[in-house]
Amino acid sequence: MTLHTDWRSIPDSARGTVAALGNFDGVHRGHVHLLHALRAARPDHPLSVVTFDPHPRELFRPQDPPCRLMLPSVRAQTLEEQGVSEVFQIPFDEAFSHLSAEAFVEDILLRHLGVVHVACGADFAFGHRRTGNTETLEALLSPHGVGLTIVPQLTDEGGPISSSRIRRLLQEGYPERAAQELGRPWSIVGPVIHGDQRGRLLGFPTANIPLGQHLEPARGVYAVRVTLPDGRIIPGVANLGRRPTINDGQESRLEAHLFDFSEDLYGKTLSVALIALLREEKRFSSLDELKARITQDAEEARALLCA
């Protein structure tokens, strides 16, 4: 898979694809359904995705907290696992937000990317002030002989599967249900940074990972599985929040304790999958009380993950 971040300089080898359009945040089961439908409609051409970075919400509502389910690099890797050959990641900046629907199709999709077929969801909107819809898209593509597949949303007993629905499940403390919608556990990916060593003093050394641009899920203690750079998967327990007992600041962080593990992880990038929320964030009256509860949390996580 090749990731292209400049739509103005696409090599000839990357042209002639069938392209799925959308943000693809999370690459959830609904997104995979869209890719499968496009592949079935046009199996004769390489599969590509046209997506955007940053997420449009970050441009239009910069005051909002981070909302991403996954970082762009992880999204590209996950799309590759779904058989995508080319990812065209268009910078969503002020200039692009003012691009007309006609210019998006004719200048970007046709002239520069050279797509031969397009697929999107029924609610796909594009162009300045979202003036373009699927009818607009078909009208602009058809004269050039480029087909359009409109794919209905994948639904389950809870309704249509969507990134916003998955975000809500995570924020409400239901990582298991979010995993069902995603098709995999939801993970936070980031580098291990130096902390204050309090976990080590309490007998539970932790790998400290900033949330960065990730969505902040419900604060509390989670059973987790941590994927190391070499592919090993280590079970553990993690605290996600602002550590109210220690009262060390305003920034939430993820602190993961890996079971039966003592290697140096500083500077390495880990993927921490949230498997289950064990309890909500809580303030304890003393460090001894905190240590006792951490011991209990670790035992519960180990029993859940290692059964």
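Colleague: Which residues do ring pairs link into a cluster?

Modeller: Phe52, Phe60, Phe92, Phe96, Phe104, Phe124 and Phe126. Bear in mind that this is a predicted model, where local features need pLDDT of at least 70, side-chain atom pairs count only at pLDDT 80 or more, and totals for chains, interfaces and linings use all residues. Residues are numbered from 1 along each chain as its sequence is written, and side-chain values use heavy atoms, leaving out hydrogens and water.

Colleague: What makes two rings a pair, and how many aromatic pairs are there?

Modeller: Rings of Phe, Tyr and Trp (its six-membered ring) pair if their centres lie within 6.5 Å; planes under 30 degrees apart are stacked, over 60 edge-to-face, and the rest tilted. That rule gives eight aromatic pairs.

Colleague: Why is the pair of phenylalanine 52 and phenylalanine 96 called tilted?

Modeller: Their centres are 5.8 Å apart and their planes sit at 40°, so tilted it is. Phenylalanine 52 is in strand S3 (residues 47–53) and phenylalanine 96 in helix H4 (residues 94–97), so the pair ties together parts 44 residues apart in sequence.

Colleague: Are phenylalanine 52 and phenylalanine 96 buried or exposed?

Modeller: Both are buried, meaning under 20% relative accessible area (exposed is over 50%, partly exposed in between; 1.4 Å probe, protein chains only).

Colleague: And what makes phenylalanine 104 and phenylalanine 126 a tilted pair?

Modeller: With centres 5.6 Å apart and planes at 45°, the pair is tilted. Phenylalanine 104 and phenylalanine 126 are both buried too.

Colleague: How do you know that the charged end of arginine 177 sits over the ring of tyrosine 174?

Modeller: The distance to the ring centre is 4.7 Å; the rule wants NZ of Lys or CZ of Arg within 6 Å of the centre and within 35 degrees of the ring normal.

Key: Helix = DSSP H or I, 4+ residues; strand = E, 2+ residues; numbered from the N terminus.
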